[in-house]
Amino acid sequence: MDSNVVLVGVGGPTCGGKSTLSEWLARLFEGSILHQDKFYKSDSAVPTLPDGTQDWDCPGSIDMNAFLNRLRDVKRHGTGGSSELGDNRATINESDISAEVLLQLKNRVHEAKAKRAVDRGSLEIIFVDGFLMYDDDNIVGTFDLPLFLKADYDTLMRRRKARAGYITLEGYWVEPEGYFDKVVYPNYLKYNNKAIDGNEPFVVIETTDQIGIERMVVTAVEHVLKLLR
């Protein structure tokens with residue numbers, strides 16, 4: 001890995017743990033976050049299904065050209081350490097990772113970055129958080145490491161139901177009854193099929209409530225450290 005700007009994709013379904021993971025990774029690696037949700041179109045421009053239901057979970061709801069151009073721009077110039085975040089993000093729970101494991105991770109990351117700086121100069125790591133990134137080969141091609149959080153139906157359904165609604169560019173949206181089965185889960189399978197199958201270059205990380213955040217973070221850190229060697 002010779003570039004001084006590294007893009008790590010943190011992709012997967014909504015409610016799959018992407019924001020939580022990207023927040024922990026950015027903290028541990030002292031990196032920044034680019035959130036795909038920043039590129040949502042205005043409410044009135046979001047596509048609708050034949051029955052009039054808005055489809056917030058398809059590529060047409062995102063300004064994909066602007067997102068791709070931004071990825072290419074930060075790949076060349078970095079972000080200067082500034083994150084670009086959407087409104088609907090999970091917050092870190094400090095108790096998700098034990099103090100012992102957190103200290104171990106911090107030490108390993110510090111050593112790896114110090115060695116990398118001596119050998120090849122300093123670097124900026126940008127974690128790109130998005131749920132509609134891995135269906136477009138041009139977008140996938142910008143990532144040095146495309147992590148994919150894979151979750152089962154029950155896990156995603158349970159987490160999605162816990163959300164009251166979503167802040168949008170023009171207000172607030174509450175998903176209609178049956179939206180998860182009608183739109184969210186089918187679109188997750190459709191637009192992430194390459195990553196779900198574990199095809200290269202995707203690195204799959206299983207995420208369930210049983211696995212827990214600590215294990216997910218430890219696994220992701222291992223992959224980023226491998227990239228930096």
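What volume does the largest pocket have? The largest pocket comes out at about 810 Å³. Here a pocket is an open set of points on a 1 Å grid over the protein atoms alone, with protein on both sides within 12 Å along at least five of seven lines, and lining residues have an atom within 4 Å of a point. A volume is the space filled by probe spheres set on the points, which are joined across faces, edges and corners.

A word on the ground rules. This is a predicted model, where local features need pLDDT of at least 70 and side-chain atom pairs count only at pLDDT 80 or more, while totals for chains, interfaces and linings use all residues. Residues are numbered from 1 along each chain as its sequence is written, and side-chain values use heavy atoms, with hydrogens and water left out.

Back to the largest pocket: 38 residues line it, and Cys15, Ser19, Asp37, Asn88 and Arg163 lie nearest its centre. Two or more lining residues come from each of α1, β3, α5, β5 (166-167) and α8, with helices (H or I, at least four residues) and strands (E, at least two) taken as DSSP runs numbered from the N terminus. The top contributor is α1, with three residues.

That helix, α1 (residues 18-29), has end C-alpha atoms 16 Å apart, in agreement with the 16 Å expected for twelve residues at 1.5 Å a residue; the expected span is 1.5 Å times one less than the number of residues. Ten of the twelve residues are buried, that is, under 20% relative accessible area with a 1.4 Å probe and protein chains only. Among them are Ser19, Trp24 and Phe29. The buried residues of α1 pack against β1 (5-11), β2 (32-35), α3 (99-120), β3 (124-130), β4 (145-150) and α8 (213-228). Right after α1 comes glutamate 30, with a positive phi near 55°.

As for the interior, the largest nonpolar core has 40 residues, and Leu71, Val128, Tyr134, Ile139 and Phe143 have the most contacts inside it. A nonpolar core is a set of buried Ala, Val, Leu, Ile, Met, Phe, Trp, Tyr and Cys residues joined through side-chain atoms within 4.5 Å. The biggest share of this core, seven residues, comes from α6. Beyond its neighbours within four places in sequence, valine 128 is in contact (heavy atoms within 4.5 Å) with Leu7, Val8, Gly9, Val10, Leu34, Phe67, Leu71, Met133 and Phe143. Another core, of 32 residues, lies apart from it and includes Leu25 and Met216.

Definitions and conventions: Buried means under 20% relative accessible area, exposed over 50%, partly exposed in between (1.4 Å probe, protein chains only). On a 1 Å grid over the protein atoms alone, a cavity is a set of points where a 1.4 Å probe fits but cannot get out, and a pocket is an open set with protein on both sides within 12 Å along at least five of seven lines; lining residues have an atom within 4 Å of a point.
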